Amino acid sequence: MRGRIITSSHRVYDLPVLLRWNMTYTGSVPCDSYTVTCVYDKTMAEPLHLAAGFLALGEDDQVLLRGIVDEYAVELSPEGLTVTICGRGYAARLLDNESRPVTYQGATLEEIVRCHVTPYGITAAEIAPVSATSVYTVASGTSQWKALESFCRTYGGFAPRFRRDGLLVAAPERDDGRRIAIGADSPVLSCTLREDHYGVLTEVLVIDKTRNVSYSVKNQDMIDRGGQCRRVVYTPGQSTWAAMRYTGEYQIRRSREEEVTIELELAGCFPAFPGDVVRLRLETLGIDGEYRVAEAENTASPERGEVSRLTLRERM
């Protein structure tokens, strides 16, 4: 992997050979992040002082990560003179900026992107045709990311995400057919299976405050396993039964997203990225199924070589 920084004056500077790196991908929040270390010399002082952007490049100049530069540190140690550069993915641009308070009447996702995303130098690769069915309010102090995410979740039922090249995808995640098979013959260094029932809802009671009617949506699977966790959700007036049922089902689905987590450590880097599907079969742990990659961390160091850690969750 190679590193490149882009200065605020749009100059491009290729970093020396990287001695170590850490690349963490989430596609959402918390942001993608990176830390890279290379040999330092005094000619790098000005480019680092003006560094605004970062590119991680793989073979054939494939973009592995595009982000911003948050910090750099030059260090003299027994290992020599080195510089370490840290930063985050493009979601940071939206997290770091607050929105002014605003109320929308019949807003579309395209309008939300135009007002809360585009001004920060972010380009959308895809925008779903989603419209608000009620008044949408962005409160004072809300980050631009939260303004976008809340709209997508409330009216579209999905979370926005960023690609590795820094482009925004404001549309539901689709199965693109990409499958990564991991089994007993794969270079698995460790594996942990965790099942956490805390916070998994068994019932959502949706109440229309204006009409004073309610609708109950239940998670029968968790009820059958002895769970008991209810939430009450209030909706704007004139909610249809279909909308109220969807609201309840959405809340239950969100609560189940982190119920089952598998953490894999593999030799080698960049085997998978968030959104990819892993066909995992490890008979010794009783695991045999398909899981979604929620987070991928890739590290390289002289001590351990290249290692990747994948966080897998059930596909919803």
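Q: Does Thr82 count as buried or exposed?
A: This is a predicted model, in which local features need pLDDT of at least 70, side-chain atom pairs count only at pLDDT 80 or more, and totals for chains, interfaces and linings use all residues. Residues are numbered from 1 along each chain as its sequence is written, and side-chain values use heavy atoms, with hydrogens and water left out. A residue is buried under 20% relative accessible area, exposed over 50% and partly exposed in between (1.4 Å probe, protein chains only). Because the relative accessibility of Thr82 is 8%, Thr82 counts as buried.

Q: In which strand is the place of Thr82?
A: Not counting residues up to four places away in sequence, Thr82 touches Leu19, Thr37, Cys38, Val39, Tyr40, Ala73, Val74 and Glu75, where contact means heavy atoms within 4.5 Å. Strands are DSSP runs (E, at least two residues), numbered from the N terminus. The run that holds Thr82 covers residues 80-89 and is strand β7.

Q: Which strand gives the largest share of the largest nonpolar core?
A: A nonpolar core is a set of buried Ala, Val, Leu, Ile, Met, Phe, Trp, Tyr and Cys residues joined through side-chain atoms within 4.5 Å. The largest one has 39 residues, and Leu15, Val36 and Ile85 are among those with the most contacts inside it. Its largest share is five residues, which come from strand β20.

Q: How many residues make up the other core, which has Ala91 and Phe151 among its residues?
A: In soluble globular proteins, nonpolar side chains tend to be buried together. Here another core lies apart from the largest one, with Val102 and Ile122 also among its members, and its residues number 31.

Q: Why does Cys115 form no disulfide, and how far is its sulfur from the closest cysteine sulfur?
A: A disulfide is a covalent bond between the sulfur atoms of two cysteines, counted here when the two sulfur atoms are within 2.5 Å. The structure holds zero disulfides. For Cys115, which counts as partly exposed at 37% relative accessibility, the closest cysteine sulfur is in Cys152, which counts as buried at 1%. The sulfur of Cys115 is too far from it for a bond, because the distance is 14 Å.

Q: Which residue forms a salt bridge with Glu126?
A: A salt bridge is a side-chain nitrogen of Lys or Arg within 4 Å of a carboxyl oxygen of Asp or Glu, and the structure holds 25 of them. In the one formed by Glu126, the closest N and O atoms are 2.9 Å apart, and the partner is Arg174.

Q: How many residues apart in sequence are the parts tied together by Glu290 and Arg179?
A: The side chains of Glu290 and Arg179 meet in a salt bridge with an N to O distance of 3.1 Å. Glu290 lies in strand β20 and Arg179 in strand β13, so the parts tied together are separated in sequence by 111 residues.

Q: Which residue in β16 does Asp208 stand opposite?
A: Three strands form an open sheet in the order β16-β15-β17, with mixed pairing, and two strands pair if DSSP finds at least two bridges between them. Strand β15 (residues 203-208) pairs with β16 in the antiparallel sense over six bridges. Within β16, the residue that stands opposite Asp208 is Val213.

Technical notes:
Helices (H or I, at least four residues) and strands (E, at least two) are DSSP runs, numbered from the N terminus.
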